[in-house]
Amino acid sequence: MLERGLTGLFRSRWGVAVVIALLVLAVVGIGRLFADDDSERPLLDPVAPATTVSVDPSHEDGVVLDDDPPATPKTSPGTAQPEAVAYAFASAWVDHESVSAKAWHDGIMPNSTKNLSDELDGVDPADVPADRVVGQPKLTPVGDGLVNATVTVDSGTLTLQLVAPDGRWLVDGVDWDGS
């Protein structure tokens, strides 16, 4: 008799709907039991840049970015400014003529992060597409401890990403544009 009742229940649309609803409620209930209490977590990311949504039809994108300038790069006392680090790195990067790969790597290492130094370990300095630095670095602050520096070299533009996790600026990324 019980078997006939269950079979009848699963043959009916209402019975299947009730069983699915009970399964969903069970899964949600179990999930809430094991989930952390996130009721105190803010809905907005406090690190995200400040934006204001505009309802003014004259604004093209509908979003107005905060007009505050990016933070000025901070340097710990006694350490080099980001411009000096970028120039020293760029000078060592283009110094590739008649030097061994180890000597070239040793030249860029003092101004680079461990990650970048590891990436550039074993690079053939003959592959460096520039021979000399022809301009001073131009900085674009990105954040409190992050700056992009563009350095004009004889064959294009070298873009360096500098980070200062402990107030000491180091190059963490290199990009070259041959235009």
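Helices are DSSP runs of at least four residues, numbered from the N terminus. The exercises below use that convention on a predicted model.

**Exercise 1. Describe the overall make-up of the protein chain: how many helices and strands are there, and in what pattern do they follow along the sequence?**

Solution.
Step 1. Count the elements: the protein chain has five helices and six strands.
Step 2. Read them in sequence order, which gives α-α-β-β-α-α-α-β-β-β-β.
Step 3. Add the burial: 25% of the 179 residues count as buried.
Step 4. Add the surface: the accessible area is about 12,800 Å², and carbon and sulfur atoms account for 58% of that.
Step 5. Add the contacts: among those between residues at least 6 apart in sequence, 44% join residues at least 24 apart.

**Exercise 2. Locate the salt bridges. How many does the structure hold, and which side chains of helix H4 meet in one?**

Solution.
Step 1. The structure holds two salt bridges.
Step 2. In the case from H4, the side chains of Lys 102 and Asp 106 meet at 2.9 Å, N to O. The cut-off for such a pair is 4 Å.
Step 3. Lys 102 and Asp 106 both belong to helix H4 and are four residues apart, about one turn of the helix.
Step 4. Check the exposure of each partner. Lys 102 is exposed, at 59% relative accessible area, and Asp 106 is partly exposed, at 34%.
Step 5. Turn to helix H5, where Asp 118 and Lys 114 are four residues apart and so separated by about one helical turn. Their side chains meet in a salt bridge at 3.0 Å, N to O.
Step 6. Asp 118 is partly exposed, with a relative accessible area of 45%, while Lys 114 counts as exposed at 61%.
Step 7. As background, side chains of opposite charge can pair when their charged atoms come close.

**Exercise 3. Work out how H3 and H4 pack. At what angle do their axes cross, and which residues make the contact?**

Solution.
Step 1. Two quantities are needed, since two packed helices are described by the angle between their axes and the distance between the axes.
Step 2. The axes of H3 and H4 come within 8 Å and cross at roughly 170 degrees.
Step 3. Angles over 145 degrees count as roughly antiparallel, so H3 is roughly antiparallel to H4.
Step 4. From H3, the contact is made by Phe 89, Ala 92 and Trp 93; from H4, by Trp 104, Gly 107 and Ile 108.

**Exercise 4. Characterise the surroundings of Phe 89. Is Phe 89 buried or exposed, and which residues does it contact beyond its sequence neighbours?**

Solution.
Step 1. Phe 89 is found in helix H3.
Step 2. The relative accessible area of Phe 89 is 0%, so Phe 89 is buried; the limit is under 20%.
Step 3. Leaving aside neighbours within four places in sequence, the contacts of Phe 89 are Ile 108, Asn 111, Ser 112, Leu 116, Leu 120, Leu 160, Val 171 and Val 174.
Step 4. Take Leu 160 from that list. Leu 160 lies in strand S5, residues 156-163, and is buried at 0% relative accessible area. The C-alpha atoms of Phe 89 and Leu 160 are 8.9 Å apart, with their positions 71 residues apart along the chain.
Step 5. Apart from residues up to four places away, Leu 160 touches a set including Ala 86, Val 147, Val 151 and Gly 173. Leu 160 and Asp 175 are 15 residues apart in sequence, with 6.4 Å from C-alpha to C-alpha.
Step 6. Take Asn 111 next: it lies in the loop between H4 and helix H5 and counts as buried at 16% relative accessibility. Besides Phe 89, Asn 111 touches Val 85, Ala 88, Leu 170 and Val 171, again not counting residues up to four places away in sequence.

**Exercise 5. Examine two surface features. What is the sign of phi at Ser 98, and which residues make the nonpolar surface patch of about 310 Å²?**

Solution.
Step 1. Ser 98 lies in the loop between helix H3 and helix H4, and is exposed at 81% relative accessible area.
Step 2. Phi of Ser 98 is near 50 degrees, a positive value in a residue other than glycine. For reference, most residues other than glycine have a negative phi.
Step 3. The patch is made by Val 16, Ile 20, Val 24 and Val 28.
Step 4. Of these residues, consider Val 24, placed in helix H2, residues 13-34. Val 24 is partly exposed, with a relative accessible area of 47%; patch members need over 30%.

Methods. Residues are numbered from 1 along each chain as its sequence is written. This is a predicted model: local features need pLDDT of at least 70, side-chain atom pairs count only at pLDDT 80 or more; totals for chains, interfaces and linings use all residues. Side-chain values use heavy atoms; hydrogens and water are left out. Helices (H or I, at least four residues) and strands (E, at least two) are DSSP runs, numbered from the N terminus. Buried means under 20% relative accessible area, exposed over 50%, partly exposed in between (1.4 Å probe, protein chains only). Patches are made of residues with over 30% relative accessible area and no salt bridge: like charges are joined within 9 Å, nonpolar side chains (Val, Leu, Ile, Met, Phe, Trp, Tyr) within 5 Å. Accessible areas come from the Shrake-Rupley method with a 1.4 Å probe; for residues, only the protein chains shown count as cover. Contact means heavy atoms within 4.5 Å. Axes are lines fitted to C-alpha atoms, for helices over the stretch in contact, and angles run from 0 to 180 degrees between N-to-C directions. Angles under 35 degrees count as roughly parallel, over 145 as roughly antiparallel, 65 to 115 as roughly perpendicular and the rest as oblique.
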